[in-house]
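Reader: Hello! Could you take me closely through one part of this model and show me what surrounds it? I like to have the cut-offs behind each term, so please add them as you go.

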Amino acid sequence: MTRFDWGALPAPLAQALAADLGLPRRGCVEELARIYPNGPDVDFVRATWPVLRDRWVVRDSGVRARVVSALKAKSLGDLSITGSSAAAQKAYLTSCRLATGLKQVIVGELMALGSGMAPPKPPRRPGLGRARGAASPGIDAKVERAWDTLRQRLQQVLAGGADNDHVIIELDLQADGSTEPGGYYVQWGVDRDSGIFHAEAVSNAYLPPGQRLTAGPLGQMMELGWEIPDGAEGGNNFRCLVPLRRAPGLARLLVRTLREVYGAPHPAFLTAHGVNDNKSVDVSALGLQVPRREGTTGPLAERPANRSLRAAVAEALTDLFQLGEHELIVDKDGDYPVRCGSAMVFIRVLEDPHIIDVFSPVLVDVIDTDGLRRRLIDLQASAPFVKFTVQANVVTANVQLMADKFQVEQLARALALMTKLCDDIDDGLQGDFGGRTFFGLPAAQPTERSSALGGYL
């Protein structure tokens, strides 16, 4: 068992915690160790949260960024409170009720501090492992609706599964640039005879070093209801046996695991496939991509005059991303969210006039300043085909295509441009103006600089 050293806490924090618990300030470390010999737990956090928040979390920018990101990923607190300053994030933290999820996050941070472990890893990009925020009601609403749609579809697929069906949903690590083998996944089998779903979630036994779960996420897995791997009859993965009649509950569990623990940023970053007696199972109702296939797209062609632009764009996206039937996602705004590298890009189709709007949130939770607007003007001059806007604390890059004579190549070039653009400028903008990339961590409060565009593009 990892040994927790109360003496690793900053002395002022240890003294403040002791005072809050009615313990003497002199010898407070020994007293804390006597009462909590195994280190802090959720009861400790419940008793001392205001002190932990105001005397530690808010004052440590690294801890603050991770905690805020993790709590927003759990949709805790008032998500309308945005901004990356200490004051703004303290206001958000104050709005969070003392839920189990919050206590688990803080326990993970404390254990890292007192045991020498690496800090709890925030969700991977969502971040698209990174954690979500709430900078833009429109953008965040899209993400929330996408996950809710997946949960509903997953519930239907679970309820309609045939005996011996085995389905796996994976987070495509290659989507965000990872070159490590392995990755996050959940899977389940259907046993109609016993009336049970046999569900599993990948554990550290099968994850590469850079992707392994630390104390905080491991605590979340237990909180969600997964059985800890025992390496024996139960195997090395997290397991859960769920009655078939509880398909809605299993759907929620799988979605929360993918999103909150494994950090899947959006359903567009997931793939799904199934088998039954070595035959493929049709899981297209999930609306997820199948694992990437070898091969190339078909020839680039113009839209037939008698075909709608929306239908032509849908077919083009299906070809460009090598999707199967029903795998192209359409959100409730009618937009197509697609994964381009580590960026999330939305495609909106207007039929009258024929326009394709390709847009991506480059930076969110950013404060609108004159310096930021000057930078966007510089970016605009260097990329005249792209429009940059800042609205509701979100910087958005936008390319509009006149599509009276739409060609697939036209859309492919716009997507490639948007992908490269986001990769080139997002970190630089964040470093100078704060905020976070769409699925990224908040930056420390920036010192606004007046540097020219330089090498961003």
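Author: Gladly. Let us start with a pair of helices: α4 and α6 are roughly antiparallel to each other, because their axes cross at roughly 150° and angles over 145 degrees count as roughly antiparallel (under 35 is roughly parallel, 65 to 115 roughly perpendicular, and the rest oblique). This is a predicted model, in which local features need pLDDT of at least 70 and side-chain atom pairs count only at pLDDT 80 or more, while totals for chains, interfaces and linings use all residues. Residues are numbered from 1 along each chain as its sequence is written, and side-chain values use heavy atoms, with hydrogens and water left out.

Helix α4 covers residues 61–73, and α6 covers residues 100–115. Helices here are DSSP runs of H or I with at least four residues, strands are runs of E with at least two, and both are numbered from the N terminus. Two packed helices are described by the angle between their axes and the distance between the axes. For α4 and α6 the axes come within 10 Å; each axis is a line fitted to C-alpha atoms, for helices over the stretch in contact, and angles run from 0 to 180 degrees between N-to-C directions. The crossing of α4 past α6 is right-handed, that is, the near helix is turned clockwise from the far one by less than a right angle (anticlockwise would be left-handed).

Which side chains meet there? On the α4 side they are Val63, Arg66, Val67, Ala70 and Leu71, and on the α6 side Leu102, Val105, Ile106 and Glu109, where contact means heavy atoms within 4.5 Å. Sorted by class, this contact holds seven nonpolar residues, two charged ones and no polar one. Nonpolar stands for Ala, Val, Leu, Ile, Met, Phe, Trp, Tyr, Cys and Pro, charged for Asp, Glu, Lys and Arg, and polar for the others, Gly among them.

Helix α6 also packs against α3. Their axes come within 10 Å and cross at roughly 70°, so α3 and α6 are roughly perpendicular to each other. From α3 the contact takes in Val42, Phe44, Val45, Arg46, Trp49, Leu52, Trp56 and Val57, and from α6 Leu102, Lys103, Gln104, Ile106, Val107, Glu109, Leu110 and Leu113. These residues divide into twelve nonpolar, one polar and three charged.

From α3 (residues 42–57) we can step on to α1 (residues 11–20): this pair packs at about 140°, with axes 10 Å apart. The two are therefore oblique to each other, and their crossing is right-handed. Here Pro12, Leu13, Ala16, Leu17 and Asp20 of α1 meet a set in α3 that includes Phe44, Ala47, Thr48 and Val51. By class, the contact of α1 with α3 counts nine nonpolar, one polar and two charged residues.

Now back to α6 and what lies on another side of the story, helix α8. The buried residues of α8 (residues 215–224) are Gly216, Pro217, Gly219, Gln220, Met221 and Leu224; buried means under 20% relative accessible area, exposed over 50%, and partly exposed in between, with a 1.4 Å probe and protein chains only. Their cover includes α6, β3, β4 and α9. Just after α8 comes Gly225, with a positive phi near 115°.

Helix α9 offers a good residue to zoom in on, Thr257. At 0% relative accessibility, Thr257 counts as buried. Its C-alpha atom is 8.6 Å from that of Gln220, although the two residues are 37 apart along the chain. Apart from neighbours within four places in sequence, Thr257 touches Val186, Ala201, Met221, Leu224, Trp226 and Tyr262.

The strands β3 and β4 named above belong to an open sheet of six strands, ordered β4-β3-β2-β1-β5-β6 with antiparallel pairing. At its edges stand β4 (238–243) and β6 (279–281), each with a single partner strand, so one side of each is left without a neighbour in the sheet. The twist from one strand to the next averages 20°. Strand β3 (residues 196–201) is joined to β4 by six bridges, and Glu200 has Arg239 as its bridge partner in β4; two strands pair if DSSP finds at least two bridges between them.
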